[in-house]
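Welcome! Open your viewer, get your selection tool ready, and let's take a short walk through this protein.

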Amino acid sequence: MTSAPLLPAPVTVRVPAKVNLELLVGPRREDGYHHLATVFHAVSLYDDVTVSVADRYGVSVSGPLSTGVPLDGENIVMKAARLVESRFDVEPVQVDIRKGIPVAGGMAGGSADAAATLVGMDHLYDLGLDREELEELGAELGSDVPFLVSGGTAIGSGRGELLAPVLARGTYHWVFALGEEGLSTPAVYAECDRLRGDEDVPEPSANPALMAALRSGDPHELAPQLANDLQDAAISLRPALGEVLSAGMEFGALGGIVSGSGPTIAFLVEDNESGIDLAVALTASGAVRDVRRASGPVHGAHLIQRRVD
Ligand code: ATP
């Protein structure tokens with residue numbers, strides 16, 4: 001009697017969101033991207049991405065934060081799967097995303113799913129890729145993807161895809177105020193260019209005072225070093241964000257910053273208890289519809305489950 005060959009069991013990969021502790025935007029490059037100097041920090045808001053062998057490529061999205069995610073080839077996970085297919089001898093995959101990262105929120109949710117798909121296909125098909133190879137594939141999909149493979153805290157240069165590790169001590173506690181509606185990253189960069197006009201923009205480089213603060217592990221030292229060159233542009237497009245920032249500071253945050261291209265606002269707090277207090281105050285004030293608490297740094301995309309039928 002012959003039996004059908006066993007298919008590899010589906011794998012589930014958990015991948016975090018990122019916040020930029022510093023996002024310095026330099027001049028526009030010839031390819032349209034901007035030179036960046038950024039410090040990425042992975043935080044404990046997660047998407048869970050399950051990758052299974054299938055007859056044809058497919059994607060599904062579930063969870064309360066899934067509105068606005070494309071369910072066709074436009075979904076970046078399909079681009080990630082096709083990239084792997086173009087390099088290795090693999091079957092098509094079905095990718096099921098459970099979203100816990102706000103969509104179009106400046107927290108790199110799409111890039112996170114792409115990183116998770118690369119890591120998931122590596123496990124599913126035993127490709128034996130190391131972290132560097134996964135990051136190189138990720139860089140072909142988007143500037144933030146390599147960081148979501150590795151996680152932790154890291155400096156990003158180039159258009160964000162060239163990573164160098166940062167010595168960061170301790171755990172930082174965050175409260176995220178979610179926007180009612182997403183902001184388009186290209187629109188925020190365009191607004192940043194418009195606000196700058198023909199002002200001379202220097203080549204950016206990561207701030208040594210921020211590095212020292214991260215070595216100290218003290219959130220009071222980190223708070224005044226948080227910086228985002230896209231913040232004015234995000235507030236210009238969405239003026240209510242300025243009010244959310246003021247409310248969070250008034251309610252006791254140590255520091256507040258627009259996350260990436262927004263509209264999520266990241267508040268740094270002293271500890272877990274202060275995070276609970278701030279989340280309650282922001283929600284009760286009506287200034288913010290939805291908040292999430294998280295801590296960082298956390299690991300990048302990692303296997304959490306391999307189903308054995
Ligand atoms: P960026 O990485 O540019 O800062 P972001 O974090 O603000 O992006 P994402 O959640 O990555 O935003 O979504 C940006 C857009 O990408 C969405 O509006 C959506 O149309 C598209 N998209 C494609 N694939 C995905 C995905 N898997 N998850 C979320 N959005 C996706």
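## Where two domains meet

Begin with the border itself: across the interface of domain 1 and domain 2, the rule finds 1 salt bridge. Keep in mind as you look that this is a predicted model.

To see that salt bridge, select arginine 28 and aspartate 193 and show their side chains. Their closest N and O atoms are 3.7 Å apart.

Now zoom out and colour the two parts. Select 11-167 for domain 1 and 172-296 for domain 2. The C-alpha centres of the two domains lie 22 Å apart. Where they touch, 32 residues of domain 1 and 39 residues of domain 2 take part in the contact.

How much area is buried between domain 1 and domain 2? It is about 2,800 Å², and carbon and sulfur atoms give 64% of it. Next, select Leu21, Leu23 and Val25: these residues supply 20% of the area that domain 1 buries against domain 2, more than any other three residues.

Polar contacts cross the border too, with 13 residue pairs found across the interface. To explore the side of domain 1 that touches domain 2, select strand S1 (11-28), strand S2 (34-53) and strand S5 (153-157), which each supply at least two residues of that side. Which strand gives the largest share? That is S1, with 11 residues.

For a last stop, colour this side of domain 1 by residue class: you will find 20 nonpolar, 9 polar and 3 charged residues.

Definitions and conventions
Residues numbered from 1 in each chain as written. Predicted model: local features only at pLDDT ≥ 70, side-chain atom pairs only at ≥ 80, totals over all residues. Heavy atoms only, no water. Domains from an automatic or database assignment. Contact = heavy atoms within 4.5 Å. Buried area = accessible area lost by both parts, 1.4 Å probe. Salt bridge = Lys/Arg side-chain N within 4 Å of Asp/Glu carboxyl O. Polar contact = N/O pair within 3.5 Å; in protein donor to acceptor, adjacent residues only side chain to side chain. Helix = DSSP H or I, 4+ residues; strand = E, 2+ residues; numbered from the N terminus. Nonpolar A, V, L, I, M, F, W, Y, C, P; charged D, E, K, R; others polar.
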